[in-house]
Amino acid sequence: MSATILIVDDEKNIRVSLARSLSIEGYRCDDADSVASALARFEPQSHDLVMLDVQLPDGSGLDVLAELKGRAPETPVVVMSGHGTIEMAKEAIRLGAHDFIEKPLSIDKILITLHNALEFANQRRELETLRALARSGSELVGRSRVMSEVRERISLAAPSRGRVLITGESGTGKELIARAVHEESDRADKPFVKLNCAAIPSELIESELFGHERGAFTGAHQARKGKFELAHGGTLFLDEIGDMRLDVQAKLLRALQEGEIERVGGARPIRVDVRVVAATNKDLEAAIEAGEFREDLYYRLNVIPIDAPPLRAHKEDVPELVASFVARVCEENGMKRKDVTSEALEALARHDWPGNVRELRNACERLVILTPATVIDGAAVRRLLGEGKTVAGALYRPGASMRDLVADAERAIILAALNAHGGHVTQTAAALQLERSHLYKKMRALGIRD
Ligand SMILES: Nc1ncnc2c1ncn2[C@@H]1O[C@H](COP(=O)(O)OP(=O)(O)OP(=O)(O)O)[C@@H](O)[C@H]1O
Ligand SMILES: [Mg+2]
């Protein structure tokens with residue numbers, strides 16, 4: 001895509017020769033010759049960059065700059081001046097100019113400056129998109145009464161230092177809740193450190209938690225900080241706490257009681273300021289009964305309990321969850337937005353979702369990938385949920401011919417492959433061992449846009 005540049009200068013010579021040089025380089029140009037015409041001409045949606053003279057017949061370019069920055073803070077402005085002084089440059093930069101070029105203009109210098117400014121603006125936009133994406137992925141969706149109660153609980157818990165124990169079935173958002181507790185606390189700018197107690201072999205978990213000194217055990221070639229030290233000042237999230245071995249539970253209890261830890265093989269206690277948030281999908285009270293979980297540790301951890309509700313207890317959130325997941329998957333895969341019909345939403349809401357929100361999210365991902373149309377309808381959902389046990393089952397639908405079903409399968413495979421190769425047709429063709437032109441032909445025939 002070629003960038004469009006608005007050239008603002010009262011000298012016609014400069015406007016014309018700049019526009020000529022820039023168009024040779026593939027830029028499109030508009031121009032304006034005064035403060036008034038620049039402000040009238042400028043369109044945030046059409047202009048990617050503004051080149052701005054400082055001395056204009058009806059005022060200073062710096063006034064234009066201030067106004068542009070107010071209207072379109074993301075659009076880079078490069079200031080040009082024949083009377084360039086350092087003071088002027090400083091003022092322009094202070095007002096938000098990206099760069100400053102002195103007249104007489106050197107076209108080489110201009111091209112480099114424009115390239116850098118546009119590149120910078122692009123990267124900033126990309127970063128913003130990624131940030132928004134990251135934010136949207138870390139937010140609890142759902143306005144049902146149950147979810148509102150969870151959110152309220154988080155807001156009450158967050159500001160205190162109180163330990164939080166999050167319970168709930170698998171896939172109900174326990175980790176999201178833990179992150180939200182951290183994000184809403186005054187520790188938000190300090191580390192959030194996670195340890196999955198079930199994923200670490202039990203003989204390593206002590207060193208993971210508390211760190212070790214050099215030579216503490218075979219293979220400990222170097223001293224290492226544990227998660228407690230890494231989380232200092234912030235939040236330590238102990239996931240799957242119900243799977244922690246009893247002897248480690250005892251050490252954890254001591255660390256919580258004393259606010260101090262000892263590295264494995266270390267002799268000296270280390271003070272740590274850590275807020276602990278724990279989560280489990282186990283019934284800890286039953287585990288206590290069974291002698292698998294220490295009761296005293298349970299009470300230490302469970303100062304503020306938060307229960308993550310199963311999805312079947314807040315099905316009214318299904319439409320909002322689906323909308324957010326579908327939008328997210330489309331965005332992540334660079335696909336056009338897809339709409340979900342109300343019939344499809346009803347079918348999704350009727351389903352039981354034993355795997356809770358995680359299962360719903362995965363289903364949305366498959367729906368987006370497997371539905372080539374821009375609308376996800378009831379039939380697509382029924383196909384996915386009804387016969388979703390196998391890939392072939394997901395593709396079969398009563399009433400469709402073999403020919404259509406094979407086309408569906410090809411479409412799904414090509415979309416998945418395109419997706420895996422970032423939309424790169426050449427790479428996708430190579431991966432599928434097809435001629436590029438053949439793949440294009442197939443994509444056209446199957447109604448896949450590039
Ligand atoms: N209310 C919600 N809003 C948006 N996304 C959610 C919500 N609840 C869960 N999710 C999403 O579902 C997935 C599973 O959530 P999470 O990992 O927090 O579950 P969990 O309770 O920790 O599960 P497990 O016990 O299996 O570890 C994540 O991708 C998460 O972003
Ligand atoms: Mg989890």
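The dialogue below discusses the cores, the ligand shell and one loop residue of a predicted model.

Reader: Where should one begin with the interior, and which residues have the most contacts inside the largest nonpolar core?

Author: In soluble globular proteins, nonpolar side chains tend to be buried together. Here the largest nonpolar core has 31 residues, and those with the most contacts inside it are Leu 209, Phe 228, Leu 236, Leu 238, Ile 241 and Phe 293. At least two core residues come from each of strands S9 (192-196), S10 (235-239) and S13 (275-280), and likewise from each of helices H8 (202-210), H10 (246-258), H11 (284-289) and H12 (295-301). H10 supplies the largest share, five residues.

Reader: Which residues does Ile 241 touch, leaving aside those up to four places away in sequence?

Author: Its partners are Leu 165, Cys 197, Leu 252, Ala 278, Ala 279, Thr 280, Leu 284, Phe 293 and Leu 301. There is also a second, separate core of 24 residues, with Val 322, Phe 325, Trp 353 and Leu 360 among them.

Reader: How many residues surround ligand 1, and which are the closest?

Author: The shell comprises 19 residues, of which the closest are Val 141, Ser 170, Gly 171, Lys 174 and Arg 361. By type, the shell around ligand 1 divides into seven nonpolar, five polar and seven charged residues.

Reader: What polar atoms of Gly 171, Lys 174 and Arg 361 lie by oxygen atoms of ligand 1?

Author: Gly 171 places a polar backbone atom 2.8 Å from an oxygen atom of the ligand. For Lys 174, a polar side-chain atom is 2.6 Å from an oxygen atom of ligand 1. In the case of Arg 361, an N or O atom of the side chain is 2.4 Å from a ligand oxygen. Taken alone, ligand 1 exposes 630 Å², and the protein buries 89% of that area. Two or more shell residues are given by each of helices H7 (174-183), H13 (318-332) and H15 (356-370).

Reader: Which residues of H7 are buried, and against which elements do they pack?

Author: Lys 174, Ile 177, Ala 178, Ala 180, Val 181 and His 182 are the buried residues in H7. They pack against helix H6 (145-157) and strands S8 (164-167), S9, S10, S13 and S14 (304-307).

Reader: Turning to a loop, is Gly 82 buried, partly exposed or exposed?

Author: Gly 82 has a relative accessible area of 46%, which means that it is partly exposed, since exposed requires over 50%. The residue is in the loop between strand S6 (77-81) and helix H4 (86-94). From C-alpha to C-alpha, Gly 82 is 8.8 Å from Leu 105, and the two are 23 residues apart in sequence.

Key:
Residues are numbered from 1 along each chain as its sequence is written. Chains are lettered from A and ligands numbered from 1 in the order in which they are written. This is a predicted model: local features need pLDDT of at least 70, side-chain atom pairs count only at pLDDT 80 or more; totals for chains, interfaces and linings use all residues. Side-chain values use heavy atoms; hydrogens and water are left out. A nonpolar core is a set of buried Ala, Val, Leu, Ile, Met, Phe, Trp, Tyr and Cys residues joined through side-chain atoms within 4.5 Å. Buried means under 20% relative accessible area, exposed over 50%, partly exposed in between (1.4 Å probe, protein chains only). Helices (H or I, at least four residues) and strands (E, at least two) are DSSP runs, numbered from the N terminus. Contact means heavy atoms within 4.5 Å. A residue is near a molecule or strand if one of its heavy atoms lies within 4 Å of it. A polar contact is a pair of N or O atoms within 3.5 Å; within protein, one must be able to donate a hydrogen and the other to accept it, and residues adjacent in sequence count only if both atoms are side-chain atoms. Accessible areas come from the Shrake-Rupley method with a 1.4 Å probe; for residues, only the protein chains shown count as cover. Ala, Val, Leu, Ile, Met, Phe, Trp, Tyr, Cys and Pro count as nonpolar, Asp, Glu, Lys and Arg as charged, and the others, Gly among them, as polar.
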